[in-house]
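Two topics are covered here: a helix pair and a pocket. Please read the text alongside the model.

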Amino acid sequence: MNKTTASENYLIALYPNRGITFTKGNGVYLYDQNGEKYLDLGSNYGVNIFGYNHPSITSALQRQLNDLVNLHCSFNNQVRTQAAENLLKATNGRLSKVFFSNSGAEAIEAALKFARVATGKSHFIAMKNAYHGKTLGALSATGGDRYRNPFLPLLWDFTHITFGDTEELQRSISNNTAAIMIEPVQGEGGIHIAPQEFYSQLQDICVRRNILLIVDEIQSGVGRTGTFLAGEQFGLKPDILCLGKGIAGGIPIGVTLVTKEISSKIPLHIHTSTFGGNPLACAGILAVLKELENGKIFDNVKELGRYLLDQLKSIDNPKIAEVRGLGLMVGMELKENATPVLRALQQERIIAIPAGSNIVRFLPPLIITKNELDKAISVLKRIYS
Ligand SMILES: Cc1ncc(COP(=O)(O)O)c(C=O)c1O
């Protein structure tokens with residue numbers, strides 16, 4: 001039996017099946033079972049920021065596999081401590097304590113619980129088009145009806161406002177508002193960026209009204225937009241920051257970073273995770289942060305991000321509604337369903353990913369080259385010429 005059909009027999013059909021079986025990855029390429037190579041411009045949904053089988057990341061993980069894979073956080077481990085210290089340094093700000101978990105949604109769950117215990121309040125404001133994950137707390141913060149409706153009522157008291165609408169934000173604040181949560185650049189929602197004044201006013205409101213700012217950089221962080229955090233470019237200073245996806249070199253990870261003030265209000269035992277802070281993931285974090293120390297990678301992201309955006313914008317076709325993005329986080333919104341375009345790219349051995357039903361999303365590895373992007377650009381130009 002063909003392997004694709006076999007997986008359909010055993011796995012719950014929660015994901016659309018792209019119809020390819022990959023067995024290996026190397027650099028910016030994935031290889032199928034026949035050895036055919038595919039250019040991966042989705043970085044495995046933003047995880048493989050340094051591509052596949054990166055020599056120093058792979059060897060750091062291999063070394064740690066030999067030493068110690070798991071260690072409960074009630075025991076100390078130098079790799080974990082170092083990963084936390086280096087992460088805090090990378091965020092360059094007021095954050096001073098770290099909680100490790102195993103996925104983006106878990107990082108969000110922790111952020112919500114920490115905000116609640118630190119403030120004693122239970123009203124949260126999030127954005128209408130936001131995506132923060134699908135566990136129940138994260139889903140309460142996620143916007144849109146599609147994922148939420150089957151599970152209503154969700155948790156606590158969430159108000160969803162239009163991303164970028166300061167007046168709606170101001171109207172939604174109450175004395176019980178604990179925190180406002182945003183993705184600086186919305187990812188799953190379709191690569192949306194708000195006007196700069198929204199970020200400035202949001203930051204100002206949080207400080208003036210004593211409301212915590214939770215910034216979800218699970219997709220936009222770790223160099224994706226040309227700076228370590230996308231929020232740096234908008235002047236955001238989070239009280240709580242969530243990271244995930246590629247920060248541990250491909251090992252499952254969630255990270256929630258908080259200020260000293262918040263951490264001092266979090267009681268012992270209130271939130272823990274068996275696998276959170278395992279030395280394998282922490283060795284991945286150290287290896288990824290080390291790669292990012294080479295500042296040239298940020299220049300590559302900025303330069304090639306701008307190039308990709310300009311090239312896609314230059315395609316003149318009424319079926320393309322808009323092209324937008326920041327760094328190597330780029331979306332091409334279509335006036336038609338994105339699946340045929342994703343299929344056409346796949347036929348040319350190029351992987352891009354959807355955002356919603358009509359947006360083609362590009363999250364290439366940060367090490368991508370111009371020549372590699374040109375391959376995708378020429379296919380898209382051909383489709384829309
Ligand atoms: C911004 C953002 N937050 C949270 C999540 C949830 O992460 P995970 O799928 O690892 O639970 C995602 C996943 O795509 C995301 O893009």
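In this predicted model, helix H3 (residues 55-67) packs against helix H11 (residues 279-293). The angle between them is about 155°, and their axes lie 9 Å apart. Angles over 145 degrees count as roughly antiparallel, so H3 and H11 are roughly antiparallel to each other. Their crossing is right-handed.

Which residues make the contact? From H3 come Ser 56, Ile 57, Ala 60, Leu 61, Gln 64 and Leu 65. H11 supplies Pro 279, Leu 280, Ala 283, Gly 284, Ala 287, Val 288 and Glu 291. By class, this contact has 9 nonpolar, 3 polar and 1 charged residues.

Now the pocket. The second largest pocket has a volume of about 780 Å³. Its lining has 23 residues. Nearest the centre of this pocket lie Cys 73, Val 98, Phe 99, His 271 and Thr 272. Three elements each give two or more residues to the lining: helix H4 (78-91), strand E4 (95-101) and strand E12 (254-259). Which element gives the most to the lining? Strand E4 does, with 4 residues.

The table sets out the residue classes for both sites.

| Site | Nonpolar | Polar | Charged |
|---|---|---|---|
| Contact of H3 with H11 | 9 residues | 3 residues | 1 residue |
| Lining of the second largest pocket | 11 residues | 10 residues | 2 residues |

Note on methods: Residues numbered from 1 in each chain as written. Predicted model: local features only at pLDDT ≥ 70, side-chain atom pairs only at ≥ 80, totals over all residues. Heavy atoms only, no water. Axes fitted to C-alpha atoms, helices over the stretch in contact; angles between N-to-C directions. Parallel < 35°, antiparallel > 145°, perpendicular 65-115°, else oblique. Left-handed = near helix turned anticlockwise from the far one by under 90°. Contact = heavy atoms within 4.5 Å. Nonpolar A, V, L, I, M, F, W, Y, C, P; charged D, E, K, R; others polar. 1 Å grid on protein atoms, 1.4 Å probe; cavity = no way out; pocket = protein on both sides within 12 Å on 5 of 7 lines; lining within 4 Å. Points joined across faces, edges and corners; volume = space filled by probe spheres on them.
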